[in-house]
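Biologist: Got a minute to go through this one with me? I'd like to start with a helix and then get to the sheets.

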Amino acid sequence: MGTGQQSIQHEPAGQFEATRFEKIHNVIFDDSKEGSLQVAREISDLIRDRASKGLQCILGLATGSSPIKVYEELVRMHREEGLSFKNVVTFNLDEYHPMEKANIQSYHYFMHQHLFDHVDIPAENVHIPDGTIPSYVVQEYCRAYEREIEKAGGLDFQLLGIGRTGHIGFNEPGSHFNSATRDITLDHITRVDAAGSFKGLENVPRKAITMGIGTIRKAKRIVLMAWGQNKSEIVKETVEGEISSEVPATYLQEHPNTTFVLDKEAAQNLTRIDTPWLVQSCDWTKDLTHKAVVWLSQRKGKPILQLTDKDYNDNGMSDLLSTEESSYEINIRTFNRLQHTITGWPGGKPGSDDSNRPERAEPAKKRVIIFSPHPDDDVISMGGTFDRLVSQGHEVHIVYQTSGNIAVADHEVLKVAEVANSIQPTAYFEQVIQDLGNKTDMDFDSEAVRKVKGSIRRSESYGATRYMGIPDSQVHFLDLPFYETGTIKKNPLGEQDIQIMNDIIEKIKPHQIYAAGDLADPHGTHRVCLEALFASLDVLKSKPFMEECWVWLYRGAWHEWDTHEIEMAVPMSPEQVLRKRKAIFFHQTQKDGVMFQGEDLREFWVRAEDRNKETAQRYQSLGLASYAAMEAFVRYDFYKK
């Protein structure tokens with residue numbers, strides 16, 4: 001993995017023992033960027049090869065977050081390497097219906113924004129399903145779309161993403177393997193996943209036009225990309241499961257030239273990655289042993305110290321036993337390692353022996369930065385730890401990396417503007433009210449509206465940080481430029497973003513940094529904010545003050561670290577759980593009817609409490625002490641990266 005020149009060309013899956021569960025060829029890269037570059041290289045090679053023979057290159061193209069970096073690289077190749085698209089004919093997989101072409105959520109808009117407007121492809125060679133056609137002619141239109149593909153000679157290459165329902169294109173569960181281009185009703189989960197872009201589930205169209213499974217399967221070459229841990233479960237089900245109409249992507253198991261291109265997070269649930277001892281002999285490192293024993297304890301439903309030799313032998317771990325005197329020694333080491341992650345002193349316990357604690361005792365009073373991607377992730381993700389750090393006397397700085405303005409609903413802005421204008425009428429708030437009144441689904445927020453939205457989030461943040469005992473002088477708003485586009489789509493991380501991060505770290509010179517370690521979406525704000533931190537640490541790590549700085553990563557509202565990954569677990573009392581809940585409540589615009597809800601309809605404070613309780617219960621089930629709740633962290637050693 002991660003060679004930078006790794007081939008994604010198809011080889012039969014299952015030819016090695018490690019891949020014996022896998023029914024689709026797949027290649028795993030360190031990150032989505034590296035994988036995307038390889039996909040773009042294969043496409044460019046195909047375009048040039050077809051052009052050299054005087055032939056057209058027929059591409060089937062996808063939309064969504066997965067192919068964005070592929071299109072960016074193809075555009076770069078066109079500009080810098082002379083890659084021409086004059087011989088390229090494209091057919092897009094799908095489009096919402098009804099959907100105006102000029103709508104910023106349309107796939108027509110997406111494709112022109114990311115690819116077609118930046119290359120020399122002839123306009124007549126671009127085919128995207130038309131979301132404006134009347135319903136009564138959809139069937140004939142779809143048949144005509146099929147004929148156009150056949151007239152072009154069929155698809156040479158089909159690019160795909162995968163939805164969490166296992167859909168490819170918009171072929172939802174229940175789609176037939178011979179289905180052709182048609183209109184389809186979207187699955188609820190598919191609509192939930194799109195709700196963020198549409199600023200609410202109620203705005204997501206219920207229908208779409210999509211190429212069929214049969215159409216896709218006729219392509220000579222298929223490459224499916226999946227990035228981030230959100231796709232890991234469906235990737236495993238598709239690659240290792242049985243063919244089923246309930247997971248339409250499994251039909252690709254029967255295609256002779258398909259490759260799944262994955263990053264490490266999307267591949268993490270594959271058997272050879274997640275539980276390699278079930279498929280082959282292992283090099284039993286300390287970390288792998290720790291992971292395997294925790295897994296075995298959870299699988300057997302018994303505490304670690306009660307695991308027996310038979311448990312090991314019956315679950316693919318007999319070779320681990322052969323390297324040890326008995327299961328007893330392995331159990332004790334694993335139990336002790338987990339026990340040593342638990343601490344009520346996340347900033348270190350002053351004057352104590354810290355050899356078996358996750359944090360250093362000295363300096364006794366630390367300067368701490370809590371980086372929060374949005375203006376609420378600090379209290380949602382680590383509110384209990386936040387509270388302990390403050391109460392134990394550390395100098396805690398809260399640094400909000402983005403304004404979070406797009407997550408404020410228009411009606412919240414209208415309410416604020418009308419109240420302010422009723423007290424003291426001003427041209428500014430009258431303009432805000434007018435801008436909101438004139439806004440359509442095809443419009444971005446005006447600068448004035450964005451400013452009010454950002455101010456609302458700031459005020460909510462100050463309410464929470466004051467409640468937690470932080471002086472306003474220790475609350476910082478970076479408003480990183482990559483985020484400030486006024487749209488769901490963000491700019492690439494730039495030098496200005498990294499310099500802003502450098503400046504705040506150099507100013508505070510922290511002994512501890514806490515940051516969101518979410519890797520679910522490679523284009524999501526959490527991921528980009530984390531990349532900004534990593535880039536900054538790489539620049540600053542030669543500075544003397546950085547030698548004393550430790551970095552701890554927390555997870556967001558949706559996920560927690562796996563138990564074997566956790567390096568610091570901070571218990572919370574029932575009183576701290578309640579304080580965390582109250583701190584979250586200060587973020588009122590994110591409480592009821594939140595815009596980016598996801599599929600989980602629980603409010604953020606409920607998700608956070610349930611997740612913290614589940615972490616504590618997992619520790620208890622492994623045989624450790626019982627707590628009301630726990631927050632978990634993994635240390636990031638930037639000197640080793």
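**Helix 5 and onwards**

Modeller: Sure, starting with a cap: at the N-terminal end of helix 5, a side-chain oxygen of aspartate 187 lies 2.8 Å from the backbone nitrogen of isoleucine 189. Keep in mind that this is a predicted model, where local features need pLDDT of at least 70, side-chain atom pairs count only at pLDDT 80 or more, and totals for chains, interfaces and linings use all residues. Residues are numbered from 1 along each chain as its sequence is written, and side-chain values use heavy atoms, with hydrogens and water left out.

Biologist: Which residues of helix 5 are buried?

Modeller: In helix 5 (residues 188-198), they are Thr190, Arg191, Val192, Ala194, Ala195, Gly196 and Phe198. Buried means under 20% relative accessible area, with a 1.4 Å probe and protein chains only. Helices here are DSSP runs of H or I, at least four residues, and strands are runs of E, at least two, numbered from the N terminus.

Biologist: And what do they pack against?

Modeller: Strand 4 (94-97). Contact means heavy atoms within 4.5 Å.

Biologist: What happens just after helix 5?

Modeller: Lysine 199 takes a positive phi of about 55 degrees there.

Biologist: OK, sheets. What is the strand order in the parallel one?

Modeller: That open sheet has seven strands, ordered 1-10-9-6-2-3-5. Its edge strands are strand 1 (25-29) and strand 5 (126-127), each pairing on one side only. Two strands pair if DSSP finds at least two bridges between them.

Biologist: How many bridges join strand 2 to strand 6?

Modeller: Two, between residues 57-61 and residues 157-160. Glycine 60 of strand 2 stands opposite glutamine 158 in strand 6.

Biologist: Which helix lies across strand 3 and strand 5?

Modeller: Helix 4 (residues 138-151), at about 150 degrees to strand 3 (88-92). For such angles, axes are lines fitted to C-alpha atoms, for helices over the stretch in contact, and values run from 0 to 180 degrees between N-to-C directions.

Biologist: What about the sheet with mixed pairing?

Modeller: It's open too, with seven strands in the order 13-12-11-14-15-17-16. Strand 13 (475-477) and strand 16 (568-572) are the edges, and the twist averages 25 degrees from one strand to the next.

Biologist: Switching topic: is histidine 290 buried or exposed?

Modeller: Buried, because its relative accessible area is 4%. Histidine 290 is in helix 9 (residues 286-300).

Biologist: What does histidine 290 touch?

Modeller: Thr334, Arg337, Leu338 and His564, not counting residues up to four places away in sequence.

Methods. Buried < 20%, exposed > 50% of the residue type's maximum accessible area, 1.4 Å probe, protein only. Polar contact = N/O pair within 3.5 Å; in protein donor to acceptor, adjacent residues only side chain to side chain.
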